[in-house]
Amino acid sequence: MSAAAIDAEREPEDVERTSYLRAGYSLRSWFFTTDHKRIAILYLFSISFFFAIGGIAAALIRLDLLTPGPDLLSNDGYNRAFSLHGIIMVWFFLIPSIPNTFGNFLIPLMIGARDLAFPRLNLLSWYIYIFAGLLTLLVVLGGGVDTGWTFYTPLTTMYANGMVVMAVVAVFISGFSTILTGLNFIVTIHKLRAPGMTWSRLPLFIWSHYAVSLIFVLATPVLAVTLLLLLAERVFGIGVFDPSLGGDPLLFQHLFWFYSHPAVYIMVLPALGVMSELITSAAHKQIFGYWFVAYASIAIAVIGFLVWGHHMFVSGQSIYASTVFSFLSLAVAVPSAIKVFNWTATLYKGDIDISAPLLFAMGFIVLFVAGGLTGLMLAMLAIDVHVHDTYFVVAHFHYIMVGGTVTAFFGALHYWWPKITGRMYNEMLARIAAITILVGFNLTFFPQYMLGYEGMPRRYHVYPPEFQVLHVLSSAGAGLLAVGYLMPLFYLVWSLFKGARASANPWGATGLEWTTSSPPPKHNFTEQPVVVRGPYHYPLKHPSSRDHA
Amino acid sequence: MPEQRELHEPFHQRERQEEADRLGMLVFIGSEAMLFGGIFAAALALRLLHPHEFTSASAHMKLWHGTANTAVLLTSSLLAAIAVEAARGGRARWAGRALWGAAALGMLFLAIKAHEYWLEWREGVVPGPPNADFGSRFEQLFMNFYFVATGLHALHLTAGLVLLGITALNRRARHDRGAVLIGNVALYWHLVDLVWVFLYPTIYLAGAGR
Amino acid sequence: MTAALRRVLLVWLALLLLLAATLGAAFLPLGPAKPWIGYGIAALKAGLILWFFMDMRREGGLMRLATGAALLWIVFLLSLVASDYLTRSVPLAPAQPTGSEARHQAWLAPPRHSASDRRWTLTICFAAISALRT
Amino acid sequence: MIGPFHPIAARASEHARTLDLLFGSFGAMVAVLTLPIFVLLVLFAIRYRTTNDVNREHAESHNLWIELSWSIIPFLLTLGFFVWATSLYFDLRTPPPGAYTINVVAKQWMWKFQHPDGTAEINELHVPANTPVRLVMTSRDVIHSLYFPALRIKQDVLPGRYTEEWFEADRPGTYPLRCAEFCGADHSVMGGQLVVLRPERYANWLEHQGSFGTSATLAGQGERLFRDLGCSGCHGPASAVKAPDLAGVFGRPVGLTDGNVVMADEQYLHDSIMLPNSQVVGGYPAIMPTYGNLIEPEQVNALVAYLKQLDPPEGSPE
């Protein structure tokens with residue numbers, strides 16, 4: 001690792017002069033860049049923008065649900081609010097959140113490459129994402145859609161009157177941005193690894209992004225064709241779902257959920273990859289069971305394609321198919337359980353620095369386990385018959401997507417912030433933010449489990465008065481959660497100007513990305529690094545190994 | 001000295017870069033195959049829901065147009081493969097001719113397809129125009145599926161034609177002994193052929209013998 | 001006429017023969033086997049195209065893995081969608097025989113086990129199939 | 001993770017109680033499996049924090065047996081609950097023979113219930129207690145879902161197709177019924193009341209309804225429709241047209257033209273009216289016109305009810 005070591009000791013002025021952030025200030029250098037690090041920054045800004053819009057829609061929903069009656073929004077207004085909340089959060093924030101920002105930034109760095117395999121394709125994928133995002137903004141301004149993010153037929157094809165066509169076209173286009181990103185990652189991980197970087201020496205972040213890219217490339221096209229069939233029916237009248245002609249609305253649900261369940265694994269797998277990095281770095285210890293955790297990511301990607309029927313247990317699907325899907329849904333929970341057990345074992349006898357990223361990581365594990373196991377409950381046929389399409393399901397997927405992916409996103413943001421910007425953030429404020437987010441989150445979504453089990457259906461704008469107490473609790477929690485999410489905005493931006501200058505390896509971690517300077521130069525490494533050891537080669541036994549990093 | 005494709009940004013060795021380009025194209029082909037996988041899932045569902053009516057609706061299809069189109073596309077696929085072999089063998093002129101041949105057969109496919117659509121328009125089995133009258137309601141659903149599936153395939157075929165044209169005009173691609181660009185375009189063209197190979201029994205052969 | 005050209009032409013001929021075969025098979029009175037034959041021959045043609053025209057013959061394991069993965073995922077989609085449509089109308093609930101029909105229907109309909117033990121066998125065999133699948 | 005049972009969640013059927021038991025016991029097992037993780041997380045974080053000088057010798061980086069055991073054992077535990085939940089699910093989807101059938105028609109933003117004696121009610125469903133009630137449901141527009149929280153059951157209602165749901169409420173009272181599948185603007189107000197009455201009170205409730213409800217029974221309405229729509233023209237005994245005789249057809253296997261045999265249940269009768277060429281009876285020409293856009297689902301329910309109680313003429317084995 002000698003060449004890389006020189007990178008780490010370069011003087012701050014030299015680092016500052018060659019940093020990728022300094023490699024051009026013009027708009028052209030940012031909007032026509034092919035540097036994967038700059039494209040990651042472009043993605044970071046755009047997904048934060050859409051996170052804000054989706055968050056505003058969520059705030060509207062939570063405020064309206066404070067009272068049983070239609071006080072803030074009309075029936076139709078509420079339906080459009082939750083539809084937009086769903087569409088924007090799923091396709092324009094959650095799916096690109098970790099892969100397109102941290103995946104773009106870190107995959108070349110972690111495998112010792114100068115850039116992704118197809119840099120121009122990477123920029124094209126951002127422009128496609130932005131074009132689709134603008135179309136969605138037009139949908140928002142034009143009044144939104146009243147179909148929910150699931151676009152079920154025949155509601156969307158015959159009875160919905162919102163801007164369904166533009167929303168479907170926007171999602172269809174955003175799918176191509178995902179396919180191109182997945183393709184880029186797969187080819188990069190196969191063909192651009194540094195000499196010596198065998199598959200057994202890949203960091204687990206790369207394994208999980210490889211699994212996510214498999215889902216990107218194999219699931220998104222089926223969403224594209226499903227939306228095409230929907231458009232064909234709504235616009236040209238040549239659809240295959242029309243029940244009056246003998247078509248089957250369940251066919252749409254089969255094709256839609258064949259994409260949409262792997263899509264929820266698209267959202268959670270990168271977070272699992274981030275967790276493996278955060279836990280090993282905080283515990284300063286080799287991951288427990290490397291191969292189990294690595295293959296668990298691939299297993300989640302593969303089995304994730306076999307379980308979509310658990311969304312359709314009460315939809316009139318055949319009971320035998322439901323039994324098969326129920327069984328496979330239990331099988332897909334096993335790899336996730338393996339990962340959680342291995343992280344816990346990694347902390348055992350570690351040399352733990354309780355930093356903000358670790359707080360986010362532990363928060364992630366608690367919420368992900370809670371979400372995952374309620375998912376197991378939903379996979380039980382008889383229980384799903386009772387709680388399907390109720391707030392129990394809403395709480396379940398928010399525990400995994402918000403409690404899981406968004407917490408991991410913030411953990412990753414704090415952990416790699418020094419590497420991305422070259423500045424350290426304020427540690428105490430970050431810990432307060434982490435605690436606020438975790439408390440606010442639980443206050444928001446745990447009451448929804450109870451609401452769900454008592455029979456409060458999803459997407460209800462007017463509800464029976466006996467549920468009001470739990471809704472008020474949930475809305476209060478949402479307020480605290482919003483505060484928790486806004487805090488990083490301030491102290492991270494503050495750290496850009498006033499933050500201490502970060503060293504090349506502030507956490508004493510062992511990834512290749514920590515061997516180059518912070519922020520890294522335009523071509524990542526002054527000299528091609530050569531890999532000689534596994535990813536997490538922390539000295540095992542030494543009591544206070546921290547000062548020998 | 002045969003032209004070398006220029007070495008772009010992150011790659012050090014040209015050979016590794018060619019492998020990457022080909023893998024990238026194959027992964028894209030895989031995603032396009034999944035796109036048509038959705039179409040075949042729809043066909044499977046319709047056939048399992050109404051087996052009897054699916055075959056009787058398919059009996060009305062123009063079997064000879066379909067068969068001719070399959071033969072045309074198989075031959076055009078052959079020409080694309082010949083183009084790749086010629087480029088590898090260094091015979092740039094033959095590569096160009098084979099590419100133009102493949103494109104021409106692609107146009108022929110579209111011509112046959114257009115003629116078939118026109119016949120169906122006249123018979124009034126095209127959903128939409130006023131003179132449309134269908135034997136049964138499921139017949140209209142089958143025609144819907146037929147137009148969506150063959151329309152999507154024709155769209156991809158047109159994109160393939162454009163790619164074939166660009167590669168045929170691209171001098172450097174024809175002289176590239178590694179046949180990277182020609183190889184990738186041929187891969188895409190073979191995918192379009194593969195999809196039709198499976199669409200043919202789904203739409204035409206289902207009701208052929210009745 | 002290089003060896004490669006001859007091989008490709010031979011493959012082309014084989015493809016046309018298969019096309020003729022599948023067309024001919026469509027006109028034979030084969031009944032329920034017809035779709036299987038049609039798609040079987042189509043799979044043969046696809047195999048030839050993949051192996052020779054798309055050069056999987058010369059490619060390394062990675063490219064074959066990528067091609068195989070796409071085909072396997074389509075099989076995932078088709079098989080599980082089919083599992084729903086095929087077993088949707090399997091009647092678990094005996095239809096309501098009214099009045100004098102009960103005795104008569106018992107003779108007509110196939111022998112039925114009691115509902116509960118059929119349920120156990122179905123659950124176990126489905127669990128077994130799915131265990132093999134993962 | 002375990003939703004504590006608020007007193008609001010009433011239980012009105014044996015299934016509801018069994019489901020609560022399943023949910024509670026599975027929740028308990030899940031808690032037993034996960035609490036150690038949360039405790040260990042915090043414990044390790046505090047005990048092995050960097051400032052704490054403690055023995056960190058020979059921590060293993062992998063151990064096959066531990067890893068295999070903590071992935072297979074939880075899976076086997078959940079398998080047990082899988083079998084229990086699946087058998088409950090099969091019971092849910094197997095209405096007992098001879099259950100009391102009520103037809104349900106869902107429409108954008110209201111529920112219409114048709115009792116066998118012809119009484120129809122909107123958004124209110126009166127059912128006799130302690131008798132299995134089978135709801136045969138269809139929708140006139142989009143997908144709805146009839147959800148009885150107190151009975152812990154729900155079933156989507158699809159356009160152009162019958163789906164069914166059955167329950168045996170054993171505690172008289174008034175319980176909510178709600179729509180659980182998003183169906184447009186007023187999805188959240190499309191609910192109503194399930195009123196469970198003791199059988200005798202249900203009987204005189206029906207009489208009371210009889211006076212101003214529609215006079216004929218559901219089957220009676222079906223018979224009138226059978227004549228008005230011209231079905232008897234072809235299917236009647238004296239008709240010259242070659243059409244299958246429908247007497248006693250319900251519940252019997254029917255041979256189709258393409259050879260396979262289909263059980264003539266409600267779904268088959270519904271499809272034969274709405275999509276006649278879909279499954280034509282063996283030996284008959286496919287000449288029946290479609291009634292798809294002529295009649296409403298309520299009328300189809302009436303016709304099916306009429307056909308169900310048509311007994312074959314005495315002595316004919318056909």
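## Two helices and a mixed sheet

Helix α1 of chain B is largely enclosed by the rest of the structure, because 28 of its 36 residues are buried (20 or more other C-beta atoms lie within 10 Å of the residue's own, with C-beta atoms placed from the backbone). This is a predicted model, in which local features need pLDDT of at least 70 and side-chain atom pairs count only at pLDDT 80 or more, while totals for chains, interfaces and linings use all residues. Residues are numbered from 1 along each chain as its sequence is written, and chains are lettered from A in the order in which they are written.

Helices (H or I, at least four residues) and strands (E, at least two) are DSSP runs, numbered from the N terminus. The expected span of a helix is 1.5 Å times one less than its number of residues, and the table sets this value beside the distance between the end C-alpha atoms.

| Helix | Residues | Expected span | End C-alpha distance |
|---|---|---|---|
| α12(A) | 319-347 | 42 Å | 43 Å |
| α1(B) | 14-49 | 52 Å | 53 Å |

Helix α12(A) is also largely enclosed by the rest of the structure, since 28 of its 29 residues are buried, and α12(A) is followed by K349(A), whose phi is positive, near 55°.

In chain D, five strands form an open sheet of mixed pairing, in the order β3-β2-β1-β5-β8, where pairing requires at least two DSSP bridges between two strands. Its edge strands, β3 (120-122) and β8 (163-167), each pair on one side only. Within the sheet, β1(D) (residues 100-107) and β5(D) (residues 133-139) run parallel and are joined by seven bridges, and V104(D) stands opposite M137(D) in β5(D).

Definitions and conventions. A residue is buried if 20 or more other C-beta atoms lie within 10 Å of its own, exposed if 12 or fewer, and partly exposed in between; C-beta atoms are placed from the backbone.
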